[in-house]
Amino acid sequence: MSADRGQFSSRLGFILAAAGSAVGLGNLVAFPVMASKNGGAVFLIVYVLFVALICFPVLLAEIAMGRHSRRNPVGAFSALTGGHQGWRWAGKLAILTPFMIAVFYTVVTVWILIYLFRAVTGGLADLATPAAFGDMIGSPSIFPWFVLLQIAVFGVLLGGVKGGIERMARVLMPTLAIMLIGLIVFVMTLDDAMLGVRYYLVPDFSRLDGAVISAALNQAFFSLSLGMGIMITYGSYFSREDRIVNSGRLVAVADTSVAFMAGLLILPAIFAFNPATNPDDLSSSSVGLIFSYLPQIFLSMQEVVGYWGASAAATVFFALVFFAAMTSLVSILEIPISYMIDELCYSRRKAVLVQAALVTTFAILAALSFGMSGFLTDFIPYGGAQKSFFDLIADTFSEVILPLVGFFACIICAWRWRDGFMAELAVGDDGFGNSALSRYLGFSLRTFVPIVLLFVFINSVAQKYF
Ligand code: PFF
C-alpha cells in the first residue's frame, strides 16, 4: 500500500468530509430547480423516501467496500471479487465517471465564482436575464477564473486527506450551515413567502408521475455522491474502529437537510418576489433559468433591505454555493487521484498534477461548448436535438451512468461479498447482526434496490438518447 494513502483523523472528520462532498450544487441549485419543476411537496416526499429506502443502503455498501479494501474503486471492486477482471472494468467506470463529472462541475463552479465576484463588486444586475447569462458563459473572459479555481482546488488536494480535505471541510461545513439558516430566516420575513412554503410542503398528489419518480431518484443519487466511487474512496480513509452505519446515517441526514433547506430558501423567494407565480409555469424551470433568476431575487431585495443589505445577502449566498461546490469538486477529483496513488504507485504530488492537467484540458473544452467553438457547441446529435460536448458529458455521467455503478456496488455487496459486507457494518456494533436494519439491508440490496437501479438506468438511456 502506498505511503501516500491518507486517513481521516476522526469519525467527525470523515462525516464532515463526506457531507462536504455530498452537499454541493446538487443540493443548492439542482434540488430547488427539480422541486419547483416537479410539483414541490410531491417531489420532496418521493425524494426523502428514495434517500431512506434505496440510497441509504447503497451509501453503506459503498463506504463498507472502501473501508474493507482500503482501496480506490478499481482496487475495491477487484479485491472484493477475488481479482475478477470483469469487475475490475466495472471499477474503472467508477473512476471515469467522477472524472467526467469533475469536468462539467468545474465549469459550473467557475460560473458561481463569477457570480460571487459580481455580488461583491456590485455587478450582479448585469446577469439578471437569460441572455446576459448566456453571454457570460460564452465569453473567453471566464478563463482567468478557471486558473484561480484550479489553484484553490488542487492546492487543497495537494494538502492530502487530513491536512487538505478534512481541514477544509471542518471550516466550510459549519459556516455553510449558519449562512443558509440566516438566509432562510430573512426570506421567511418577506410578504408572500408563505405561498412558496405551501407549494413546497403541502402535497398535490395529482402531480405524481413517472417523470417525478425518476427525477427524484437521479437527484438523490447525485446529491448523495453515490454511484461514482466517492463514498468508496472516502470510506477507504475511514478508521477501522468507527461505526459505518451511524456515520453514514449522519451524512445522509446532513445532505438531505441541506437540500430541504435550499428548497425552503429558493421556493419561498420565488413566490415572495413574484406573488403572481403560477405553479404550473414552474414546470419549465432549468438551471439556466435559476442562474438568471437568482440575481433578480437579490435585486428585488434591494427594495426591502437597501443596496448594501442586498449586496451583503447576495455575497453570503454565492459564497455559500461556492464553498459547497468546492468541497464537492475536491471530493470528485480525489477518486482518480486515489486510483493513481494506489494502482499506478504515483506520489500524491504527481497524481494531483497529472489530474490538474487532464481536468483543466477537458473543462476548457466543455466551457468552449457554449458558443466559443462551433464544433464543440454542435458536437453530436441525440435525443432529437444537436447537443454540445458539455451536454454530452453532463447528461451521460451525471444521470445515466450513476445508477449503473450503484447497481454494480449492490451486486458485489449483496452476492459476491455478502458475509464480509455484513461483518464490516457490524464492526464496533455487537447488536447489528440481529437488528431490523441489518435484515432490511440484506434484503433490499439483494432484491429491489438493484432492480430499481437497473430500471432507472435503462429508462435514462431510453429517455436521453432516443
Ligand atoms: N453530491 C454533489 C452535489 O450534490 O453537488 C456532487 C458530487 C460530489 C458528485 C461528489 C459526485 C461526487 F463524486
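1. Two residues are in contact if their C-beta atoms, placed from the backbone, lie within 7 Å. In this predicted model, Cys413 touches Ala61, Ala64, Met65, Phe421 and Leu445, when residues up to four places away in sequence are not counted.

2. Cys413 also belongs to the largest nonpolar core, which has 178 residues. Cys413 is listed there with Cys55, Leu59 and Cys410 as the residues having the most contacts inside this core. Helix H13 gives the most to the core, with 27 residues.

3. Helix H13 (287-343) also takes part in the ligand site, where it supplies at least two residues of the surrounding shell. The same holds for helix H1 (11-22), helix H2 (25-37), helix H5 (85-121) and helix H10 (210-223). In total, 16 residues surround the ligand, and the closest are Gly24, Gly26, Ser225, Ile230 and Ser328. By character, the shell divides into eight nonpolar and eight polar residues, with no charged ones.

4. Ala90 has its place in helix H5. A residue counts as buried if 20 or more other C-beta atoms lie within 10 Å of its own; Ala90 has 21 such atoms within 10 Å and is therefore buried. Leaving aside neighbours within four places in sequence, Ala90 is in contact with Phe77 and Phe408. Ala90 and Ala409 are 319 residues apart in sequence, yet their C-alpha atoms are 9.3 Å apart in space.

5. Helix H12 (residues 244-273) consists of 30 residues and reaches 44 Å from its first C-alpha to its last, close to the 44 Å expected at 1.5 Å a residue. Of these 30 residues, 23 are buried, so H12 is largely enclosed by the rest of the structure.

Methods: Residues numbered from 1 in each chain as written. Predicted model: local features only at pLDDT ≥ 70, side-chain atom pairs only at ≥ 80, totals over all residues. Near = placed C-beta within 6 Å. Helix = DSSP H or I, 4+ residues; strand = E, 2+ residues; numbered from the N terminus. Nonpolar A, V, L, I, M, F, W, Y, C, P; charged D, E, K, R; others polar. Core = buried A, V, L, I, M, F, W, Y, C linked by C-beta atoms within 7 Å. Buried ≥ 20, exposed ≤ 12 C-beta atoms within 10 Å, placed from the backbone. Expected span 1.5 Å × (residues − 1).
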